[in-house]
Amino acid sequence: DEYVHFAVFNTQINSICLGANHCIIIDSNNDIYGLGDNTYGELGPYKLSLTSFTKIQFDNLKAPIAKISCGARHTLILLDNGELYCLGDNSEGQCYGFSTRISTPIKVNLDIKEKIVDCYCGYTHNMLVLDNGDVMSWGDASSGKLGYDEEHFTQTTPKVILNLKEKCVNKIGLGFQMSVITTGRYNGSVMDK
């Protein structure tokens, strides 16, 4: 069956991330393995489809990986040093730069002093969290899922969601046409706002 894949890893699996038709696994050695469709380069500079888990080597990543997040056909890679890279489909501005297909991770350059500490992918949009608590979003802006009034259908560079400033964001979930963000800090039996 083409939809059932079994693989044996000799190390502990630290994370599994699924896109629409691709999967990325990171093991305890910080090695990356990919499986699935690679039409847009969401798994890197390989053939169009990886039919078994294949070790992926990104030579331009110079620090350990903190997190990988997968969208429908794109991937975000957050390094321990706070650098954020993207690859894959960029047709809705959900990656970075001007190409619509990116098969080598490109750095998301932000003019900020804060460190990126987390990242999330929706179907065609993204959010990232900075160490000062700010949340930034970009990509497909339809249905208001970026968290601010956007005059265009796409936001190609990350922009701070002003309504979330100083709100103590604690959970983010991104889907196809929506974003859910919870705020407040749990303090015993009540939630501080």
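Tutor: A salt bridge here is a side-chain nitrogen of Lys or Arg within 4 Å of a carboxyl oxygen of Asp or Glu. The model under discussion is predicted.

Student: How many salt bridges does the count come to by this rule?

Tutor: Side chains of opposite charge can pair when their charged atoms come close. With the cut-off of 4 Å between nitrogen and carboxyl oxygen, the count of salt bridges comes to six.

Student: Which residue forms a salt bridge with Arg73, and is that residue buried or exposed?

Tutor: The closest N and O atoms of the Arg73 pair are 2.7 Å apart, and the partner is Asp89. Arg73 lies in the loop between strand 5 and strand 6 and Asp89 in strand 7, so the pair ties together parts that are 16 residues apart in sequence. Arg73 counts as partly exposed at 32% relative accessibility. Buried means under 20%, and at 1% the partner, Asp89, counts as buried.

Student: How many residues apart in sequence are the parts that Lys107 and Glu83 tie together?

Tutor: Lys107 and Glu83 form a salt bridge whose closest N and O atoms are 3.5 Å apart. Lys107 belongs to strand 8, whereas Glu83 sits in the loop between strand 6 and strand 7, so the parts tied together are apart in sequence by 24 residues.

Student: Is Asp140, the salt-bridge partner of Lys145, buried or exposed?

Tutor: The closest N and O atoms of Lys145 and Asp140 are 3.0 Å apart. Lys145 has a relative accessible area of 3% and is buried. For Asp140 the relative accessible area is 9%, so this residue is also buried.

Student: Why is strand 11 largely enclosed by the rest of the structure?

Tutor: Strand 11 covers residues 135-140. The reason for its enclosure lies in the number of its residues that are buried: six of the six.

Student: Which residue of strand 11 stands opposite Met127?

Tutor: Strand 10 and strand 11 run antiparallel and are joined by five bridges. Within this pairing, Val129 stands opposite Val135. The residue of strand 11 opposite Met127 is Ser137.

Student: Which residue in the hairpin of strand 10 and strand 11 takes a positive phi?

Tutor: Four residues lie between the two strands of this hairpin. The positive phi is near 95° and belongs to Gly133.

Student: Which strands stand at the edges of the open sheet?

Tutor: Four strands form the sheet in the order 9-10-11-12, with antiparallel pairing. Each edge strand has a single partner strand, so one side of each is left without a neighbour in the sheet; these are strand 9 and strand 12.

Terms used: Residues numbered from 1 in each chain as written. Predicted model: local features only at pLDDT ≥ 70, side-chain atom pairs only at ≥ 80, totals over all residues. Heavy atoms only, no water. Buried < 20%, exposed > 50% of the residue type's maximum accessible area, 1.4 Å probe, protein only. Pairing = 2+ DSSP bridges.
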